[in-house]
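Q: I have a protein model open and I'm not sure how to read it. Could we go through some features together?

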Amino acid sequence: MNYTYERLSDGIKIAVSDDHTFGTDAVILSAFANIKRKDRALDLGTGCGIVPFLWLRDEAQSPVHCLDIQENAIEQVNASIEFNSAQDRLIPHLCDLREIEKEFSAECFTLVTMNPPYKPINTGFESLGESARIARHEVCCNIEDAVKAANFLLTYGGRFCMCHRPERLVDALSIMRKYKLEPKRLRFVSDKEGEQPFLFLVEGKKGAKPFLRVEAPLVIKNSESKFTPEMLKIYGSYADGYEDKIR
């Protein structure tokens with residue numbers, strides 16, 4: 001497989017391909033998760049590995065894990081690991097999250113993230129390659145599968161962070177509560193000030209008491225279609241010259 005390597009920072013480059021690339025949603029999710037250096041963290045459905053590789057821009061970050069059901073995704077992550085000499089910093093797993101207990105023991109992580117497929121089966125354009133179809137449609141997992149896996153993996157008080165489309169908000173919050181991942185933080189994301197949000201970010205905490213904090217909306221672009229200061233901070237040095245890649 002031929003990969004292109006995109007710079008995320010001076011110390012990290014990531015392999016991207018036609019099958020597995022990344023967008024704004026995953027970058028925002030990686031920042032929203034607010035990983036701590038001592039967190040034992042796992043990214044579900046990692047694709048090219050963008051979320052964990054963004055975490056690894058912090059050289060002091062403890063080793064993190066990622067998981068995907070697609071063999072070509074894990075091969076691509078391994079290519080990035082080798083390119084960055086990150087064998088001791090990122091551990092990939094080829095695994096079906098619906099059978100998570102076959103790969104991990106219970107309660108072994110303090111942070112779990114996922115940028116899940118947004119579209120139910122038989123909706124939208126499905127005349128895609130297999131990798132894109134799995135990434136965009138709920139072919140191999142849905143919201144409940146992801147939340148159930150996170151519940152199994154997280155320690156008491158551990159955090160699950162996810163992004164999704166606003167029309168699925170009620171589904172996400174109700175399923176998280178069902179699996180004892182109490183929604184604690186919620187944030188909406190808009191392309192520009194005054195526009196309807198196209199994304200929400202939510203954090204649930206295992207075993208926590210009910211209390212949901214709705215944070216100020218995240219706005220991606222200003223009136224001149226340039227990154228807002230907060231987006232520049234989220235992207236870090238990766239933002240240099242990449243403004244045109246935003247949605």
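Below, we take the features one by one, starting with the whole chain.

Q: What should I check before anything else?

A: Start with confidence, since this is a predicted model. The mean pLDDT of the chain is 90, and 87% of its residues reach 70 or more.

Q: Where does pLDDT stay under 50, and how do I treat that stretch?

A: The general idea is that predicted coordinates shouldn't be read in detail where pLDDT is low. Here that applies to residues 131–139, where pLDDT stays under 50. The model does have 33 contacts beyond four places in sequence for that stretch.

Q: How many helices and strands does the chain have?

A: You'll find seven helices and eleven strands. Of the 247 residues in the chain, 51% are buried. As for contacts between residues at least 6 apart in sequence, 71% of them join residues at least 24 apart.

Q: How do I describe two helices packed together?

A: Two packed helices are described by the angle between their axes and the distance between those axes. Take helix H5 (residues 143–153) and helix H6 (residues 169–178): their axes come within 9 Å and cross at roughly 30°. The crossing of H5 past H6 is right-handed.

Q: Which residues make that contact?

A: From H5 come Ile-143, Glu-144 and Val-147, while H6 brings Asp-171, Ala-172, Ile-175, Met-176 and Lys-178. Sort the contact of H5 with H6 by class and you get five nonpolar, three charged and no polar residues.

Q: Is H1 mostly covered or mostly open?

A: Mostly covered, with eight of its nine residues buried. In H1 the buried ones are Thr-24, Asp-25, Ala-26, Val-27, Ile-28, Leu-29, Ser-30 and Phe-32.

Q: What does the sign of phi tell me?

A: Most residues other than glycine have a negative phi, so a positive one is worth a look. Just after H1, Asn-34 takes a positive phi of about 50°. Asn-34 sits in the loop between helix H1 (24–32) and strand S3 (41–44). With a relative accessible area of 43%, Asn-34 is partly exposed.

Another one is Glu-107, which isn't a glycine yet has a positive phi of about 55°. You'll see Glu-107 in the loop between strand S5 (90–94) and strand S6 (109–114). Glu-107 counts as partly exposed because its relative accessibility is 46%.

Q: Why does Arg-159 count as buried?

A: The cut-off for buried is under 20% relative accessible area. Arg-159 is at 10% relative accessibility, so it counts as buried. Arg-159 is in strand S7 (residues 154–164).

Q: What does Arg-159 touch, leaving aside its neighbours within four places in sequence?

A: Its contacts include Ala-33, Asn-34, Asp-39, Thr-110, Val-112, Glu-203 and Gly-204. So you've met one of them already: Asn-34, with its positive phi near 50°. The side chains of Arg-159 and Glu-203 are joined by a polar contact of 2.9 Å. Arg-159 and Gly-204 are 45 residues apart in sequence, yet 5.6 Å apart in space, C-alpha to C-alpha.

Q: Can we try another residue of S7?

A: Sure, Thr-155 lies in strand S7 too. Thr-155 counts as buried because its relative accessibility is 17%. Not counting residues up to four places away in sequence, Thr-155 touches Arg-40, Glu-107, Phe-109, Thr-110 and Lys-206. Thr-110 is also among the contacts of Arg-159.

Methods:
Residues are numbered from 1 along each chain as its sequence is written. This is a predicted model: local features need pLDDT of at least 70, side-chain atom pairs count only at pLDDT 80 or more; totals for chains, interfaces and linings use all residues. Side-chain values use heavy atoms; hydrogens and water are left out. Axes are lines fitted to C-alpha atoms, for helices over the stretch in contact, and angles run from 0 to 180 degrees between N-to-C directions. Helices (H or I, at least four residues) and strands (E, at least two) are DSSP runs, numbered from the N terminus. A crossing is left-handed if the near helix is turned anticlockwise from the far one by less than a right angle, and right-handed if clockwise. Contact means heavy atoms within 4.5 Å. Ala, Val, Leu, Ile, Met, Phe, Trp, Tyr, Cys and Pro count as nonpolar, Asp, Glu, Lys and Arg as charged, and the others, Gly among them, as polar. Buried means under 20% relative accessible area, exposed over 50%, partly exposed in between (1.4 Å probe, protein chains only). A polar contact is a pair of N or O atoms within 3.5 Å; within protein, one must be able to donate a hydrogen and the other to accept it, and residues adjacent in sequence count only if both atoms are side-chain atoms. pLDDT is the predictor's confidence in each residue, from 0 to 100.
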